[in-house]
Amino acid sequence: MNTNKTQLFLVASIASVMVLAGSASEQAFAHGGQVIGFNLSGDPNDPPNRWITVIMGHNSEPTAAQETGKHDGKHPMELFISDTRTGLNLAEADLTVEKYYYENDKKFNKAVDKGFKPLETDVAVDAVHGDPGHYFARQILAQPGIYGYHVTGTVNYFGVVDVPIDVKAICRDAPLTQVGEDENGDPIFKQTFNNPSWFGGFGCTQDIDDNKFPGKKVKHDKDD
Amino acid sequence: MTFQKQNKISMIAGTALLTIALAFGGTVYASHSFEAGVETGTIPDNTHIRLDGMTLPAGGVFPLYDASPNYVSGHFLLTSPCELVDGETGGDPDNDTYQPLVTAIAGHIDEHASGTHMEPIPLFYINTVSSPKLAAGSDAQCVFHAHIPDPLNGGAPRVTDIDLVNLSGADIEFKPGHIVDINVQRVLGSIADDPYTGGPVVELTRNVIYDLNDDDTTNDGLGHSSQ
């Protein structure tokens, strides 16, 4: 009897490891970032001789909004901060984030005209314990839609200088704004929310049912 | 149940629990200055190279370490015959910082010249365990230490290769006690993803020497820790 119980426990343990390991490896990494130059002297007038890379996105992408009984919606805003030239992590920072949310394209475009206003300000961005260079603003994404973040503060560069940080971006699928025309008269579109030096992008937040297959609109033959 | 069968079950149980622990428990890091160290429960990779018995001719190169395509972080320790930094033969009490006769360089050596980038490693002279301090007047053996990479004090930012080169203009004869120890603690990335470009850059100058233990504060460097 005991032998059978032990074997069952072992099978369950190993199966748990395999399932959890599999789900961890399925997490996509759709993030964007900014490179921030500075001088070791700390004088902003001196030309940059060092650079910091700040990568921003949501933890555990692709993200889906919380829905009772289906998905917990836990997707912290996360940062990975490192020395650009060496790849060494930067483990000390004093950062906060302003958080923006728009339900749909129409509401986002309205904000483009009237100005972007954060829903929450001065939200703490904390270091992830045991993982230097990795930072979280913990949250549960409550609704599908367009999320944006503006992170400010300082990152300590290996005990020598505090580097001012200003990273601002909206999720990738937010609509672009026409900012002019090229020499052929074709419209030029730009994401006006983002800082000019932002590169890449992170995904907007979906309804947990959006990726279901077959989806709601698939109708089966009545004879089946 | 037989004794053998009980052992087998214990071994399987141990393996399963160890697998769980390794999969989900091993992500705690130490951190001081710019060195992140290794993950808890992980032993760093260490390479210990005896130099005794080797004569490196003028202009000679002695490759020590090649982690390509990975660029890595860690420590570098060298004991070498040495001389005063300014080339004097001693006697000046205010001039007590030594440099190795041999030059340590690091960076990346690529099969494409354009991707090659090697620079001297900034070295910290450790006088407390060097022969000029231990045996007055002796320049037989000095101890030097470096951080790989050193984002504050210079050197190549991404290191896959470490070599010794003889820029002294004469043969260097290594004796017992002369060694190199390279302790690699972490892989920072792949040189394939972050290549050097516009090379070759091969800076063949003597190592810059920092000394935290003399009266001169201008040669202390930046970001040093007591670790």
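In the predicted model, B:Gly107 faces B:Met118, a residue of strand 8 of chain B, across a pair of strands. The two elements concerned, strand 7 and strand 8 (residues 117-120) of chain B, run antiparallel and are joined by 4 bridges. Both belong to an open sheet of 5 strands in chain B, whose order is 3-11-7-8-14 and whose pairing is mixed. Strand 3 (61-66) and strand 14 (201-202) of chain B each have a single partner strand and occupy the edges of this sheet, so one side of each lacks a neighbour within the sheet.

Chain B also contains an open sheet of 6 strands, again with mixed pairing, arranged in the order 1-13-4-10-9-15. Its edges are formed by strand 1 (45-50) and strand 15 (209-210) of chain B; each pairs with a single strand, and therefore one side of each is left without a neighbour in the sheet. Within this arrangement, strand 9 (residues 123-126) and strand 10 (residues 142-148) of chain B are paired in the antiparallel sense over 3 bridges. B:Tyr125 is placed opposite B:Phe144 of strand 10 in chain B.

B:Phe144 also features in the largest nonpolar core, which comprises 39 residues. Together with B:Phe76, B:Ala104, B:Ala106 and B:Leu123, B:Phe144 touches the most other members of that core. Two or more residues of the core are supplied by each of strand 4 (70-80), strand 7 (103-108), strand 9, strand 10, strand 11 (161-165), strand 13 (179-190) and strand 15 of chain B. The most is given by strand 10 of chain B, which provides 5 residues. When residues up to four places away in sequence are not counted, B:Ala104 touches B:Phe76, B:Leu78, B:Pro120, B:Ile121, B:Leu123, B:Ile162, B:Leu164 and B:Asn207. Another core lies apart from the largest one and consists of 37 residues, including A:Met77, A:Leu90, A:Leu95 and A:Phe193.

Chain A, in which these named residues of the other core are found, contains 2 helices and 11 strands. Read from the N terminus, the elements of chain A follow the succession α-β-β-β-β-α-β-β-β-β-β-β-β. Of the 224 residues in chain A, 28% are buried. Among contacts in chain A between residues at least 6 apart in sequence, those joining residues at least 24 apart account for 67%.

Technical notes: Residues are numbered from 1 along each chain as its sequence is written. Chains are lettered from A and ligands numbered from 1 in the order in which they are written. This is a predicted model: local features need pLDDT of at least 70, side-chain atom pairs count only at pLDDT 80 or more; totals for chains, interfaces and linings use all residues. Two strands pair if DSSP finds at least two bridges between them. A residue is buried if 20 or more other C-beta atoms lie within 10 Å of its own, exposed if 12 or fewer, and partly exposed in between; C-beta atoms are placed from the backbone. Two residues are in contact if their C-beta atoms, placed from the backbone, lie within 7 Å. A nonpolar core is a set of buried Ala, Val, Leu, Ile, Met, Phe, Trp, Tyr and Cys residues joined through C-beta atoms within 7 Å.
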